[in-house]
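Reader: I'd like to go through the charged pairs and the empty space in this one. Can you walk me through it, step by step?

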Amino acid sequence: MSQAAVGRSVRQKPDEQPSDENEWRAFQFAPDLAFTPIGENDPVAVEIKMLRWRRNWLGWVSNAVAHMEQILARSEMKSGVIILTLPVEPIILAELNAGTGEQIRIWDLERLRELAASTPDLADALDDLAAETILDGLPHQTSPRSYDAPRGTNIAQRLRATEPGRDGWQEYESECYEAIRFLFAGELQNLITQQTSDDGLNRMDLIGRIRAEPNTFWSIVAGDFSSRYVVFDAKNSATAIGQEAIHSTAKYLMPKGLRRVAILLAREGATDNARQASAGYLRHDGFLMLVVSLNDLCGMLEGKDAGDPPENLLFARMDEALMALNR
């Protein structure tokens, strides 16, 4: 079942996160793919939702359906398919599809396997992808929640509007705090700010305690790095941070305090020297230090509104750091 045998698909979004709000708005209601089945003229909007962890997965589906409704309302596409990267019990999948109306269909991993079954190479490739994606087995069921107002999008707009450097550090710090609370308040408890910037420019020490709940990204972090707490440090520099910023944040980490993980919210990302410094702390001290740029953070916020778990980006960054680590 090659692509030519079933139809033609065209990517609708760039690989990179949007660089500014205008670019984000240009793709806000674009689906991941536009697929035109063979023998038909009308393309179908396709959204792919990577659900690595089972916590509140029905809530993510609810958001994804609401986002697909907005895509269809703002485009010439008349129908959409939401692809979930996990298997769903048939009775639950039927209930989900019964509630989406005739325009939207939800496919799970088993549906994809059915479509790929006649082509062994494609089926093997799909299984390989599934094995890399699903981290905690079959999902348990939770009550679906209603679609919230696009709070993540609003925070992202305010973040992009902040001034880089000294003039905007307080506003950037405050919006980063709101962003982390919105993204991870369900997984991180007792999020508190410890101190503000000592140089009036780019430091925030926000600490949260990882919930003792299995089968989540944060439970993996807690177990693999023996860390009960995670530090978030805002860096509002107008240029990419260097190794000095890594050394500064590392002072907050301490093994005996069960504090081995830090996320640097660096407006313009990090230099190669900064990445090498963070790799050094990982190699010698077991400290995980990940850099999230403003574009990354806004993408996580806007993605959550559309049903994309924000942990996916952090997992990818952690995976890259560990895979690239040398002796």
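Author: Sure, and one definition up front: a residue counts as buried under 20% relative accessible area, exposed over 50%, and partly exposed in between. Keep in mind that this is a predicted model.

Reader: Is Arg158 buried, partly exposed or exposed?
Author: Its relative accessible area is 37%. The partly exposed class runs between the 20% and 50% cut-offs, so Arg158 is partly exposed.

Reader: And which residue forms a salt bridge with Arg158?
Author: The closest N and O atoms of the pair are 3.0 Å apart, and a salt bridge needs them within 4 Å. The partner sits in helix α8, while Arg158 is in helix α7, 17 residues away. With a relative accessible area of 10%, that partner is buried. The residue is Glu175.

Reader: What about Arg151, which residue does that one pair with?
Author: Here the closest N and O atoms are 3.5 Å apart. Arg151 lies in helix α7 (residues 151–161) and its partner in helix α8 (residues 169–184), so the bridge ties together parts that are 27 residues apart in sequence. Arg151 is partly exposed at 40%, and the partner is partly exposed at 27%. That partner is Glu178.

Reader: Which helix holds both Asp272 and Arg275?
Author: Their side chains meet in a salt bridge, 2.5 Å from N to O. Arg275 is partly exposed, at 44% relative accessibility. The two are three residues apart, about one turn of the helix, and that helix is α11 (residues 272–285).

Reader: Which residues are joined into one network by salt bridges that share partners?
Author: In general, side chains of opposite charge can pair when their charged atoms come close. In this network, the shared partners join Lys13, Asp32, Glu47, Lys49 and Asp308.

Reader: How many salt bridges does the count come to?
Author: The pairs Arg151 with Glu178 and Glu175 with Arg158 are among them. Applying the 4 Å cut-off, the count comes to 14 salt bridges.

Reader: On to empty space: how much lies in the largest cavity?
Author: The structure holds one cavity of 30 Å³ or more. The space in the largest cavity is about 30 Å³.

Reader: Is the lining of that largest cavity nonpolar, polar or charged?
Author: Ile180, Phe184 and Phe232 are among the lining residues, as are Met300 and Leu314. Helix α8, strand β9 (259–266) and helix α12 (294–305) each supply at least two residues of the lining. With no polar and no charged residues there, the nine lining residues are nonpolar.

Note on methods:
Residues numbered from 1 in each chain as written. Predicted model: local features only at pLDDT ≥ 70, side-chain atom pairs only at ≥ 80, totals over all residues. Heavy atoms only, no water. Helix = DSSP H or I, 4+ residues; strand = E, 2+ residues; numbered from the N terminus. Buried < 20%, exposed > 50% of the residue type's maximum accessible area, 1.4 Å probe, protein only. 1 Å grid on protein atoms, 1.4 Å probe; cavity = no way out; pocket = protein on both sides within 12 Å on 5 of 7 lines; lining within 4 Å. Points joined across faces, edges and corners; volume = space filled by probe spheres on them. Nonpolar A, V, L, I, M, F, W, Y, C, P; charged D, E, K, R; others polar.
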